[in-house]
Amino acid sequence: MYKVSHGLSMVHEDEMGVNAPMDHQRVISKLNVGLGKLFYYDKAISLEPLPETMLDEGRTSRYDGPPTPDLILYDKARDHIPVIIEVCHTRGLKGDLQKVVSLIEDFPYDILEGFVYNYRTEHWFRYRKGDNGIATETSFSEILQLDLNQFL
């Protein structure tokens, strides 16, 4: 279990942004390709993976720009984003957990759950709407009944 406090400012303080290290981008790419195959070709999942996609297209200014998770899982039929994924390294874990909790609890995006993957320790953390700031260490495969680690 991992308890994090959250505030609205965390969403706007995404440390990595466009200067993310290659390892960070590689993990996002592998998740996107693996989930994309499951969605587009195998039809094994119903949510479309989209990397670095704005949650709020109505906010476009540089300083009040829309939050952009590393990967979203989009339900096109309902025009809804029920799941977000952040990728981090050990030092960025707390900040990314705070960002996920804040996006789920503090904003009207109706995101149901978020995941943070620490690519250095290979640990997944899960936060569901209403979990009172408590993220739990989990296996992503337990949630989707898929072994996403095969892509990493």
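Q: Quick one to start: which loop is E52 found in?
A: E52 sits in the loop between β2 and β3. Helices (H or I, at least four residues) and strands (E, at least two) are DSSP runs here, numbered from the N terminus. This is a predicted model, where local features need pLDDT of at least 70 and side-chain atom pairs count only at pLDDT 80 or more, while totals for chains, interfaces and linings use all residues. Residues are numbered from 1 along each chain as its sequence is written, and side-chain values use heavy atoms, with hydrogens and water left out.

Q: Thanks! What's the phi of E52 like, positive or negative?
A: Positive, at about 45°, although E52 is not a glycine. E52 counts as partly exposed because its relative accessibility is 37%; buried means under 20% relative accessible area, exposed over 50%, and partly exposed in between (1.4 Å probe, protein chains only).

Q: And D110, what does its phi look like?
A: D110 also isn't a glycine, and its phi is a positive value near 60°. You'll find D110 in the loop between α3 and β5. With a relative accessible area of 48%, D110 is partly exposed.

Q: Let's step back. How many helices and strands are there in the protein chain?
A: Four helices and seven strands. Their order from the N terminus on is β-α-α-β-β-β-α-β-β-β-α. Of the 152 residues in the chain, 48% are buried.

Q: How confident is the predictor, as mean pLDDT of the protein chain?
A: The mean is 83, and 73% of the residues reach 70 or more; pLDDT is the predictor's confidence in each residue, from 0 to 100. Among the elements, helix α1 (residues 8–11) has the lowest mean pLDDT, 49, and β2 the highest, 97. The pLDDT stays below 50 over residues 9–16, a stretch with 17 contacts in the model beyond near neighbours in sequence. A contact means heavy atoms within 4.5 Å.

Q: On to the inside. Which residues touch the most other members of the largest nonpolar core?
A: L55, I84, L103, I111 and V116, out of 19 residues in that core. Its suppliers of at least two residues each include β3 (71–75), β4 (80–88), α3 (93–105) and β6 (123–128), and α3 gives the most, with six. A nonpolar core is a set of buried Ala, Val, Leu, Ile, Met, Phe, Trp, Tyr and Cys residues joined through side-chain atoms within 4.5 Å.

Q: What does L55 touch, leaving out residues up to four places away in sequence?
A: Three prolines, P66, P67 and P69, plus I72, I81, I84, L103, Y109 and I111. There is also a second, separate core of 17 residues, with I28, I45, V87 and Y119 among them.

Q: Since α3 came up, how many of its 13 residues are buried?
A: 10 of them, so α3 is mostly covered, going by the under-20% cut-off. L93, D96, L97 and Q98 are among the buried ones. L93 has a relative accessible area of 9%, and its C-alpha is 9.4 Å from that of F125, though the two are 32 residues apart in sequence.

Q: Why does the length of helix α2 look right?
A: Because 20 residues (22–41) at 1.5 Å a residue should span 28 Å, and the end C-alpha atoms of α2 are 27 Å apart, which agrees. The expected span is 1.5 Å times one less than the number of residues.

Q: What covers the buried residues of α2?
A: The cover includes β2 (48–51), β3, β4, β5 (113–118) and β6. Among the buried residues of α2 are H24, V27, I28 and L31. Just after α2, K43 takes a positive phi of about 55°.

Q: Last topic, the hairpins. How many bridges join β5 to β6?
A: Six, and these strands run antiparallel; two strands pair if DSSP finds at least two bridges between them. E113 stands opposite R128 in β6. Four residues lie between β5 and β6 in their hairpin, and E122 in the turn has a positive phi of about 60°.

Q: And which residue in the hairpin of β6 and β7 takes a positive phi?
A: G130, near 90°, in a hairpin with five residues between the strands. Three bridges join β6 to β7 (residues 134–138), again antiparallel. F125 stands opposite E137 in β7.
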